[in-house]
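Reader: I'd like to go through the labels on this one and hear what stands behind them. Could you take me through it?

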Amino acid sequence: MIFQKIRNGHVDWRDFLCGTPAKDYVFQKDAYEDQIEKSAELIQNADAVIIGAGAGASTAAGLCYGGKRFTDNFAEFIEKYGSQYMTDMYAAGFYPFPTEEAKWGYWSKHALMNRFEPPSLPLYTQLYDIVKDKEYFVLTTNVDHQFYKAGFASDRIFATQGDYGKIQCQKGCHPKTYESEEMFRKMDAERKDCLIPSEFVPKCPVCGGKMAMHLRCDNYFVEDEKWHEAADRYADFLVQNKTKRVVLLELGVGFNTPIIIRFPFEKLVRENASYSLIRLNMDEAVVPESFGERAIGIGGDMARAITDIRGLIL
């Protein structure tokens, strides 16, 4: 695999992506117990493990964006803006808040609920137990920091889509992000009627414009130096392990944004005879039939599957 170089000699992120789905997806009919046993064996025999985690992983871990967790903690927002718009935390993030005071009133609460207040969740700590004695790398679209909290080395994580704990210039006028925990806690403490005080509204220190969450939602997403360094480390890991026995452990990656993890993982298996894929997904655990014994697709309760795999490895 050859990676092109871009700004300041960093790898080109686009080289990681793949938009081509397989044409031979199947739901495997193997017994669950056999799938767990084969998965544990693949991981034990692997030289390296690459974890690819999507939103389904954190949902399975307990970070649910809807239901009682949402209605209990965001009742004031639901009442103010309407239940037809405030259906869950994900949908609420797209609400066209009328002012900056309203926008940060919501997002400070959202970040505290999903990034700062939750402890390291059991699914992630058990996942760390599975790979901690292996060469491993984490590629994730999640922005909740759970991999860091669980003990995964920060230099082995590439969080491609941002971090709930940081903010950036809304127009991306300069390539820098800013830590936000202290600011969000102040906002949360002073919020009234879903609004923060005007003096708490952050301004870009360079252009004086609006600030935004550090989330990839438009063309202004800031890929700062640390982001590029993480991408470089992932590229190096792929090159260093190209001919080794590598297990791609994919967790909760659906078809909403498959070009970052799901399709690229399939591409890696097609291109490397020593690679295998373990796909854990509640409803979409289909795998390419052509991968044969080099692919395992486990549907249903991901937390249970991680616990069971860990039980056979430790």
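Reader: Why is Asp 188 called partly exposed?

Author: Its relative accessible area is 23%. Buried means under 20%, exposed means over 50%, and partly exposed is what lies in between (1.4 Å probe, protein chains only). So Asp 188, at 23%, is partly exposed.

Reader: What makes Asp 188 and Arg 191 a salt bridge?

Author: The rule asks for a side-chain nitrogen of Lys or Arg within 4 Å of a carboxyl oxygen of Asp or Glu. Their side chains meet at 2.7 Å, N to O, so the pair qualifies. Arg 191 has a relative accessible area of 15%, so this partner counts as buried. By this rule the count comes to 19 salt bridges.

Reader: What kind of model is this, and how are the values taken?

Author: This is a predicted model, where local features need pLDDT of at least 70 and side-chain atom pairs count only at pLDDT 80 or more, while totals for chains, interfaces and linings use all residues. Residues are numbered from 1 along each chain as its sequence is written, and side-chain values use heavy atoms, with hydrogens and water left out.

Reader: How do you know whether Arg 14 and Asp 12 are buried or exposed?

Author: Arg 14 has a relative accessible area of 58%, so Arg 14 is exposed. Asp 12 comes in at 5% and therefore counts as buried. The two side chains still meet in a salt bridge, at 2.7 Å, N to O.

Reader: What makes Arg 279 and Glu 250 a pair that links distant parts of the chain?

Author: The side chains of Arg 279 and Glu 250 meet in a salt bridge at 2.7 Å, N to O. Arg 279 belongs to strand 9 (residues 275-280) and Glu 250 to strand 8 (residues 246-251), and the two are 29 residues apart. Strands here are DSSP runs of E with at least two residues, helices are runs of H or I with at least four, and both are numbered from the N terminus. Arg 279 is buried because its relative accessible area is 0%, and Glu 250 is buried at 0% too. Salt bridges that share partners join Glu 250, Arg 262, Glu 266 and Arg 279 into one network.

Reader: Why is helix 7 called mostly covered?

Author: In helix 7 (residues 122-131), seven of the ten residues are buried. Among them are Leu 123, Tyr 124 and Asp 129.

Reader: What makes Trp 13 and Trp 227 an edge-to-face pair?

Author: Rings of Phe, Tyr and Trp (its six-membered ring) pair if their centres lie within 6.5 Å; planes under 30 degrees apart count as stacked, over 60 as edge-to-face and the rest as tilted. The structure holds 27 aromatic pairs. For Trp 13 and Trp 227, the centres are 5.6 Å apart with 75 degrees between the planes, so edge-to-face is the right label. Trp 13 sits in the segment before strand 1 (25-26) and Trp 227 in helix 10 (residues 225-240), 214 residues apart. Both Trp 13 and Trp 227 are buried.

Reader: And why are Phe 147 and Phe 152 called edge-to-face?

Author: Their values are 5.1 Å centre to centre and 80 degrees between the planes, so the angle rule gives edge-to-face again. Phe 147 counts as buried because its relative accessibility is 4%, and Phe 152 is buried at 3%.
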